[in-house]
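I opened the model to look up its nonpolar cores, one helix pair and two single residues. My notes follow in the order I made them.

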Amino acid sequence: MASVLPSNLSFPQDTMCVNDKDDEEDDKSLKDHTEKVQIQPSLSGADPDDPFAVLYDHIVPREGRTIFFSRHGESEYNVQERIGGDPPLTPRGTRFAKALGQYMNTLALDGLKIWTSTLCRTGLTAQYIKGPKMETPLLNELNSGYMDGLTYKEVQKKYPEEYKARDEDKLNYRYPGGESYVDCCHRIAPILAQMEEEEDNLIIVAHQAILRCIFGYLLKRPLEDVPHIKIPQHAIMQVTYDGGENVVDFIRMPIEHIEQGVIEASTA
């Protein structure tokens with residue numbers, strides 16, 4: 001690990017305050033939450049078109065609750081500007097994975113749990129973090145259907161009408177044979193319910209679109225903002241519930257990545 005980060009390295013933080021067991025047990029817990037989220041809207045009268053309304057109605061986070069989040073490290077598809085797939089990490093992505101493990105392990109959080117998607121780039125990113133890991137397809141990246149593996153330039157050339165439709169409405173656009181952002185918001189509701197009921201010491205390593213949906217929920221953003229929330233790469237996001245709102249600290253790792261130009265956190 002010493003070769004990954006200098007021993008005297010400090011991790012700069014930005015703070016943004018926004019008002020607005022085992023695998024079998026984990027699977028059972030997720031199933032229980034799935035059933036709970038599915039039946040509660042009819043009981044609460046919550047808007048069925050708002051994927052997070054039932055959670056806001058029924059879940060109040062514990063004061064001081066802290067959860068860590070991270071995008072996966074830079075992947076081969078990131079560099080090639082390809083959509084979806086199940087690519088491995090680049091060497092820079094692997095360096096980030098080691099730095100992420102070093103940072104989280106240094107915190108020495110008691111009983112730290114690690115949740116990832118079932119795609120290899122999140123598992124590879126979390127591999128150096130010590131603690132029990134749970135993979136769930138609920139955290140898988142937005143399904144890009146039959147455009148999976150294409151670049152956006154290829155999509156624009158082969159499917160100009162689809163490209164235009166996505167550009168005009170990123171929230172509701174559904175990839176043919178795939179998903180939309182709204183679909184993903186509904187899909188992650190069970191994992192959000194379980195996340196809020198967990199004690200401290202949880203890190204979720206997921207994908208940009210999924211983290212946009214999660215942060216849309218945590219920061220109570222309008223749904224139309226979700227596709228535009230910037231999730232920095234090669235950074236750790238620490239979210240603490242404080243005084244009725246979530247405070248987000250961004251801990252940036254000094255490891256270059258393909259999206260270097262958009263690393264700055266945004267309230268967009």
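For the neighbour lists I took contact to mean heavy atoms within 4.5 Å. The model is predicted.

**Entry 1, Ile255.** I looked up the neighbours of Ile255 first. Leaving out residues up to four places away in sequence, I found that Ile255 touches Arg92, Arg95, Phe96, Ala99, His234 and Gln260. I located Ile255 in the segment after β7. Buried or exposed, I asked of Ile255? The relative accessible area is 8%, so Ile255 is buried, as the limit for that class is under 20%. I also checked one C-alpha pair: Ile255 and Glu74 are 9.9 Å apart in space and 181 residues apart in sequence.

**Entry 2, cores.** I then listed the largest nonpolar core, which has 46 residues. Which members touch the most others? I got Phe69, Met195, Ile214 and Phe215. I noted the elements that each supply at least two residues of this core: the helices α2 (53–58), α8 (181–187), α9 (189–197) and α10 (208–218), and the strands β2 (66–71), β5 (202–206), β6 (235–242) and β7 (245–252). The largest share is that of α10, with 8 residues. I followed Phe215 further and, setting aside neighbours within four places in sequence, found contacts with Phe69, Lys220, Ile229, Ile231, Met237, Val239 and Val248. I recorded a second, separate core of 16 residues, with Ile255 from Entry 1 among them, along with Ile129, Ile203 and Ile236.

**Entry 3, α9 and α10.** I took up this helix pair next. The two axes come within 11 Å and cross at roughly 55 degrees. That angle makes α9 oblique to α10. I read the crossing of α9 past α10 as right-handed. On the α9 side I found Leu192, Met195 and Glu196 in the contact, and on the α10 side Ile214, Tyr217 and Leu218. I sorted these contact residues by type and got 5 nonpolar, no polar and 1 charged. Met195 and Ile214 had already come up in Entry 2, among the core members that touch the most others.

**Entry 4, Glu154.** I ended with Glu154, which I placed in helix α6 (residues 152–158). How does Glu154 count by accessibility, I asked? The relative accessibility is 27%, so Glu154 counts as partly exposed. Not counting residues up to four places away in sequence, Glu154 touches Arg82, Gly149 and Tyr159. For Glu154 and Arg82 I looked up the C-alpha separation, which is 9.2 Å, with their positions 72 residues apart along the chain.

Key:
Residues are numbered from 1 along each chain as its sequence is written. This is a predicted model: local features need pLDDT of at least 70, side-chain atom pairs count only at pLDDT 80 or more; totals for chains, interfaces and linings use all residues. Side-chain values use heavy atoms; hydrogens and water are left out. A nonpolar core is a set of buried Ala, Val, Leu, Ile, Met, Phe, Trp, Tyr and Cys residues joined through side-chain atoms within 4.5 Å. Buried means under 20% relative accessible area, exposed over 50%, partly exposed in between (1.4 Å probe, protein chains only). Axes are lines fitted to C-alpha atoms, for helices over the stretch in contact, and angles run from 0 to 180 degrees between N-to-C directions. Angles under 35 degrees count as roughly parallel, over 145 as roughly antiparallel, 65 to 115 as roughly perpendicular and the rest as oblique. A crossing is left-handed if the near helix is turned anticlockwise from the far one by less than a right angle, and right-handed if clockwise. Ala, Val, Leu, Ile, Met, Phe, Trp, Tyr, Cys and Pro count as nonpolar, Asp, Glu, Lys and Arg as charged, and the others, Gly among them, as polar.
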